[in-house]
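This report describes the strands, helices and nonpolar cores of one protein chain. The sequence and structure come first, followed by the text.

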Amino acid sequence: MEQKIGYIRVSSEGQNLARQQSQLQEIGIDLIYKEKLSGVSKERPELQKMLSELQKGDTIFVTDLTRITRSSKDLFDLIEIIREKGACLKSLKDSWLDISENNPYSEFLITIMGGVNQLERDLIKMRQKEGIELAKKEGKYKGRIKKYHDSHSGMNYAVKLYHEGAMTVKEICQITNISRAALYRKLKEE
């Protein structure tokens with residue numbers, strides 16, 4: 001049975017999937033896979049699950065390509081997997097995308113638009129880097145806030161337990177929910 005499958009993704013837990021979900025539900029999606037995870041990450045379990053369950057004749061719908069792919073290479077790899085399964089990929093925003101055999105311009109347009117998307121991401125990164133450099137010069141950039149700051153109770157307790165010597169590092173990390181690497185970094189700072 002051919003299905004309309006939706007894939008929606010936001011980059012972080014704090015973001016909301018509702019807008020994408022609403023747009024896909026308007027076109028009558030049968031099944032939606034949802035992910036709250038950076039697209040840069042190769043570990044996208046819902047995407048992998050969707051691809052493994054994909055059947056011949058299915059069509060995957062996304063609101064725009066940036067939700068399912070983060071680079072031209074990633075796009076081409078994804079399209080190859082979808083084609084091998086005998087399925088299609090469509091984007092609501094990027095209406096030029098049609099990987100069915102009905103569109104002879106498909107491969108050309110995918111190459112061009114994949115490059116444009118990659119250029120856009122690269123330009124955003126470049127502007128972000130320039131903004132950080134300017135903020136540093138003006139003394140406004142503090143950098144990433146440390147997770148384990150000096151008054152972090154879990155880390156302080158872990159250090160105390162370590163110095164008492166009654167427990168292994170593994171036990172300390174399990175009790176305090178602090179990673180080994182973070183504990184060793186803190187101990188090295190002392």
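Helix 3 (residues 72–84) carries the exposed residues Lys-73 and Glu-84 on the face turned away from its buried side. The model is predicted. The buried residues of helix 3 are Ser-72, Asp-74, Leu-75, Leu-78, Ile-79 and Ile-82. Seen down the helix axis, they fall within an arc of 155 degrees, so they line one face of helix 3. At 1.5 Å a residue, the 13 residues of helix 3 should span 18 Å, and its end C-alpha atoms are 18 Å apart, which agrees. Just after helix 3, Gly-86 has a positive phi of about 75 degrees.

**Strand pairing**

The pairings of strands 1, 2, 3 and 4 are listed here.

| Strands | Sense | Bridges | One pair of residues |
|---|---|---|---|
| Strand 1 and strand 2 | parallel | 6 bridges | Ile-8 and Lys-34 |
| Strand 1 and strand 3 | parallel | 3 bridges | Ile-5 and Ile-60 |
| Strand 3 and strand 4 | parallel | 4 bridges | Thr-59 and Cys-88 |

Two connections between these strands pass through helices. From strand 1 the chain crosses through helix 1 to strand 2, and this β-α-β crossover is right-handed. Strand 3, helix 3 and strand 4 also make a right-handed β-α-β unit.

In strand 3, Thr-59 and Phe-61 point one way, while Ile-60 and Val-62 point the other way. These four residues are buried. In a regular strand, side chains alternate between the two faces of the sheet.

**Helix 1 and Thr-63**

Helix 1 (residues 18–25) has Gln-20, Gln-21 and Leu-24 as its buried residues. Down the axis of helix 1 they fall within an arc of 100 degrees, so they line one face of the helix. The cover over these buried residues includes strand 1 (4–10), strand 2 (31–36) and strand 3 (59–62).

Is Thr-63, in the loop between strand 3 and helix 3, buried or exposed? Thr-63 has a relative accessible area of 4% and is buried, because the cut-off for buried is under 20%. Leaving out residues up to four places away in sequence, Thr-63 touches Gln-20, Gln-23, Leu-24, Ser-91, Leu-92 and Lys-93.

**Nonpolar cores**

In soluble globular proteins, nonpolar side chains tend to be buried together. The largest nonpolar core here has 21 residues, of which Tyr-7, Met-50, Leu-51, Ile-60, Ile-68, Ile-82 and Leu-89 touch the most other members. Strand 1, helix 2 (45–53), strand 3 and helix 3 are the elements that give two or more residues to this core. Helix 3 gives the most, with 4 residues.

Ile-82 is on the buried list of helix 3. Not counting residues up to four places away in sequence, Ile-82 touches Leu-51, Leu-54, Ile-60, Ala-87, Cys-88, Leu-89 and Ile-99. A second, separate core has 12 residues, including Tyr-148, Ile-172, Cys-173 and Leu-183.

**Asn-177**

Asn-177 is found in the loop between helix 6 (169–176) and helix 7 (180–189). Phi of Asn-177 is near 60 degrees, a positive value in a residue other than glycine. Asn-177 has a relative accessible area of 68% and is exposed, because the cut-off for exposed is over 50%.

Technical notes. Residues numbered from 1 in each chain as written. Predicted model: local features only at pLDDT ≥ 70, side-chain atom pairs only at ≥ 80, totals over all residues. Heavy atoms only, no water. Buried < 20%, exposed > 50% of the residue type's maximum accessible area, 1.4 Å probe, protein only. Arc of directions from axis to C-beta. Contact = heavy atoms within 4.5 Å. Pairing = 2+ DSSP bridges. Right-handed = clockwise from strand over helix to strand, strands pointing away. Core = buried A, V, L, I, M, F, W, Y, C linked by side-chain atoms within 4.5 Å. Expected span 1.5 Å × (residues − 1).
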